[in-house]
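Here is a short walk through one protein chain. Keep the structure in view and follow each stop as it comes.

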Amino acid sequence: SGVGKTHLMHAIGNGIAGSTCMGAQQFVDSLIAALQEGTVERWRARFRAAGALLIDDVHFLAGKERTQEELFHVFNDMYDQGKQVVLSSDRPPKELEDLEERLRSRFEGGLVVAIQPPDRGLREKLFARFLARADIEPEPSLVMYLADKPVASVREIAGTIQRLIATAEVAGTTVTLDLAQGELDGPGSARVPAPKTMAVDAFFLDDEKVI
């Protein structure tokens, strides 16, 4: 999550004239509307006539049997016609739970590319860009210090910049290397370790309910 999948999907969609590009939830919603209105054949024709099919966050289709069935047929039609199909997910096809085996095998039959968290070189460029975008002079020492810190996603980089900007505003100063070191390495940044054992209601063990 947060490594640029959706940005890449939009870039591909913008580069392909006449492509159909939507999120997985939109795909589901459009099918539900077609089922309710009795226009499923028109829904199928719309997708099968597209020049390319791009679906973002396809992992949201897990457990949705009817949607998976329709996607299976759309996928096969487009594949047989040699049309481009691009899917994004937060995990590899083999790790997608509640996904029909026939769909999983088709997903695995294409080119599967893992997008890794930004490495140091990319972190340096991203921190410099986010700082400049916030009208903050990207001093080399500040950028290098920030880039030395591993992050899991681009969103985490953006969040770090917002955190520094907020700290600087409260202090009535600007974002500098000293301020960043004090905020990110100081006592306030230390995480309090969770207790080794705790009694928790079963409700809170379900991530979806917690969110």
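Begin with a pocket. Helix H1 gives the most to the lining of the second largest pocket, with four residues. H1 is not alone there: helix H8, residues 154-171, also supplies at least two residues of that lining. The volume of this second largest pocket is about 380 Å³. It is lined by 14 residues, and those closest to its centre are Gly2, Val3, Gly4, Lys5 and His7. By character, the lining splits into four nonpolar, six polar and four charged residues.

Now step back to the whole chain. This is a predicted model. The chain holds 10 helices and three strands. Read along the sequence, they follow the pattern α-β-α-α-β-α-β-α-α-α-α-α-α. Of the 211 residues, 34% count as buried. How much of the contact in the chain comes from residues 24 or more positions apart? Among contacts with a separation of 6 or more, such pairs account for 70%.

Next, go inside. In soluble globular proteins, nonpolar side chains tend to be buried together. Here the largest nonpolar core has 23 residues. Which of its residues touch the most other members? They are Phe27, Leu71 and Phe107. Several elements each supply at least two residues of this core: helix H2 (24-37), helix H3 (40-48), strand E2 (52-56), helix H4 (65-80) and helix H5 (101-108). Take Phe27 as an example. Beyond its neighbours within four places in sequence, Phe27 is in contact with Met22, Trp43, Phe47, Ile55, Leu61, Thr67 and Leu71. Apart from this core lies another, of 19 residues. Ile136, Ile161, Ile165 and Val175 are among its members.

Helix H4 deserves a stop of its own. Does its length fit a helix, or depart from one? At 1.5 Å a residue, its 16 residues should span 22 Å, and the end C-alpha atoms are 23 Å apart, which agrees. The buried residues of H4 are Thr67, Gln68, Glu70, Leu71, Phe72, Val74, Phe75, Asn76 and Met78. What covers them? The cover includes H2, H3, E2, strand E3 (84-87) and H5. Just after H4, Gly82 takes a positive phi of about 70°.

Helix H5 holds Arg102. Arg102 has 32% relative accessibility, so it counts as partly exposed. Not counting residues up to four places away in sequence, Arg102 touches Glu69 and Phe72. The C-alpha atoms of Arg102 and Gln68 are separated by 9.7 Å, although these residues are 34 apart along the chain.

H4 and H5 also take part in the largest pocket, where H1, H4, E3 and H5 each give two or more residues to the lining. Its volume is about 1,000 Å³. The lining has 32 residues, of which Leu87, Ser88, Leu111, Val112 and Val113 lie nearest the centre. The lining divides into 19 nonpolar, eight polar and five charged residues.

Two loop residues come next. Asp57 is in the loop between E2 and H4. Its phi is near 55°, a positive value in a residue other than glycine. Is Asp57 buried or partly exposed? At 22% relative accessibility, Asp57 counts as partly exposed, because buried means under 20%. Asp98 lies in the loop between E3 and H5. Its phi is also positive, near 60°, and this residue too is not glycine. Asp98 has 60% relative accessibility and therefore counts as exposed.

Finish at helix H7, which runs over residues 140-147 and contains Val143. Is Val143 buried or exposed? Its relative accessibility is 5%, so Val143 counts as buried. Leaving aside neighbours within four places in sequence, Val143 is in contact with Glu124, Ala128, Leu131 and Pro138. Val143 and Arg129 are 14 residues apart along the chain, and their C-alpha atoms are separated by 9.8 Å.

Notes. Residues are numbered from 1 along each chain as its sequence is written. This is a predicted model: local features need pLDDT of at least 70, side-chain atom pairs count only at pLDDT 80 or more; totals for chains, interfaces and linings use all residues. Side-chain values use heavy atoms; hydrogens and water are left out. Buried means under 20% relative accessible area, exposed over 50%, partly exposed in between (1.4 Å probe, protein chains only). Contact means heavy atoms within 4.5 Å. A nonpolar core is a set of buried Ala, Val, Leu, Ile, Met, Phe, Trp, Tyr and Cys residues joined through side-chain atoms within 4.5 Å. The expected span of a helix is 1.5 Å times one less than its number of residues. On a 1 Å grid over the protein atoms alone, a cavity is a set of points where a 1.4 Å probe fits but cannot get out, and a pocket is an open set with protein on both sides within 12 Å along at least five of seven lines; lining residues have an atom within 4 Å of a point. Grid points are joined across faces, edges and corners, and a volume is the space filled by probe spheres set on the points. Ala, Val, Leu, Ile, Met, Phe, Trp, Tyr, Cys and Pro count as nonpolar, Asp, Glu, Lys and Arg as charged, and the others, Gly among them, as polar.
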